[in-house]
Every structure is written in structure tokens, then in C-alpha cells.
Amino acid sequence: MIAKSWNNDGSFITGDRDHSKSYHYPQEYDRVALCDSHGNILNDKSIVYINKFENGYAKAYKEIFVDEYGRVRLSQVGIIDMDGKIVLEPRYKLIDFHNQSYAIAKDNHYSIFRLSDKKLTCFKGKKIKG
């Protein structure tokens, strides 16, 4: 279930159950949350948008904004697991999943995040080829 938005008291408006709709049209939602079958929000409420899950992990964004050209943009990306727990803090410019085992994160430098043991290795000043 996806929560479209929520109030300070924890109540929320239910969004579309089809996650693909929110994935393609984030501008329709104030926030997208990971919820259990009772409607309880599982993820940290500072997360404003959750991408689709791949192998038990999803990109999670801390900010949605409209740029100067009127396009909806997502920023401050991290990774959460199926329980809604943050496994990589949402502070990166870009994260790409690679080979179902790794994620490549870019901030001021590149890092490789190994999903199996949740280990982050930074590569400052190195080029990473896809």
C-alpha cells in the first residue's frame, strides 16, 4: 500500500495501490511511503519518495522539487530495505543498482555499496567504468 500523504497526527491519505503509477508520476503525490497491510508507515518519515524495489532494496529520496523548467526532480537518494529501514543514508546525488549485488553511489566522489553485507567502499579521485 502507498500512502499519498500524511498529517502530523500520523493519519494519511491512501494512494494508488499500483506502485508503478507512483513510480512514473511522483508529482501526483506529496509523499510515497512503504506501509504494512494495516496502513502503518514503515519507513522513516523524512523519506518523501520510494522507488520500485529490486531484490529487496529500493532507492529512497529525501526531497522532491520542481526545477526552473517545471520538471519534477528527486534528490538526496539513499537505499531502504523491505522493512523500511534505511541501509544507505539518503544524501547522495545518484544511486544505480548494478548486477543485483551492488549499488554505485555518487556524491562528491563515487562509492560502491555491497548490498549483501551493507558495506560502503569510497573511491576518491578514481574513475568507475560501467
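**Exercise 1. Find the residue in β6 that is the bridge partner of Ala60.**

Step 1: Get your bearings. This is a predicted model, where local features need pLDDT of at least 70, side-chain atom pairs count only at pLDDT 80 or more, and totals for chains, interfaces and linings use all residues. Residues are numbered from 1 along each chain as its sequence is written, and side-chain values use heavy atoms, with hydrogens and water left out.

Step 2: Look at the two strands (DSSP runs of E, at least two residues, numbered from the N terminus). β5 covers residues 57-66 and β6 covers residues 72-81; they run antiparallel, joined by nine bridges.

Step 3: Read across from Ala60, and you land on Gly78 in β6.

**Exercise 2. Work out the strand order of the open sheet, and name its edge strands.**

Step 1: Check what pairing takes: DSSP has to find at least two bridges between two strands.

Step 2: Follow the pairs. Four strands line up as β4-β5-β6-β7, with antiparallel pairing.

Step 3: Look for strands that pair on one side only: these are β4 (49-50) and β7 (86-92).

**Exercise 3. Describe the largest nonpolar core and find which element gives the most to it.**

Step 1: Know the rule. A nonpolar core is a set of buried Ala, Val, Leu, Ile, Met, Phe, Trp, Tyr and Cys residues joined through side-chain atoms within 4.5 Å. Buried means under 20% relative accessible area, exposed over 50%, and partly exposed in between (1.4 Å probe, protein chains only).

Step 2: The largest core has 16 residues, and Ile79, Leu88, Ile95 and Phe113 have the most contacts inside it.

Step 3: β5, β6, β7, β8 (94-98) and β9 (102-106) each give two or more residues. β7 gives the most, with three.

Step 4: Don't miss the second, separate core of six residues, which includes Leu34, Ile47, Ala60 and Ile80. So the Ala60 from Exercise 1 turns up here too.

**Exercise 4. Explain what the salt bridge between Asp96 and Lys59 ties together.**

Step 1: Recall that a salt bridge is a side-chain nitrogen of Lys or Arg within 4 Å of a carboxyl oxygen of Asp or Glu. The whole structure has five of them.

Step 2: In this one, the closest N and O atoms are 3.8 Å apart.

Step 3: Asp96 sits in β8 and Lys59 in β5, so the pair links parts 37 residues apart in sequence.

Step 4: Compare the surroundings: Asp96 is partly exposed at 39%, while Lys59 is buried at 15%.
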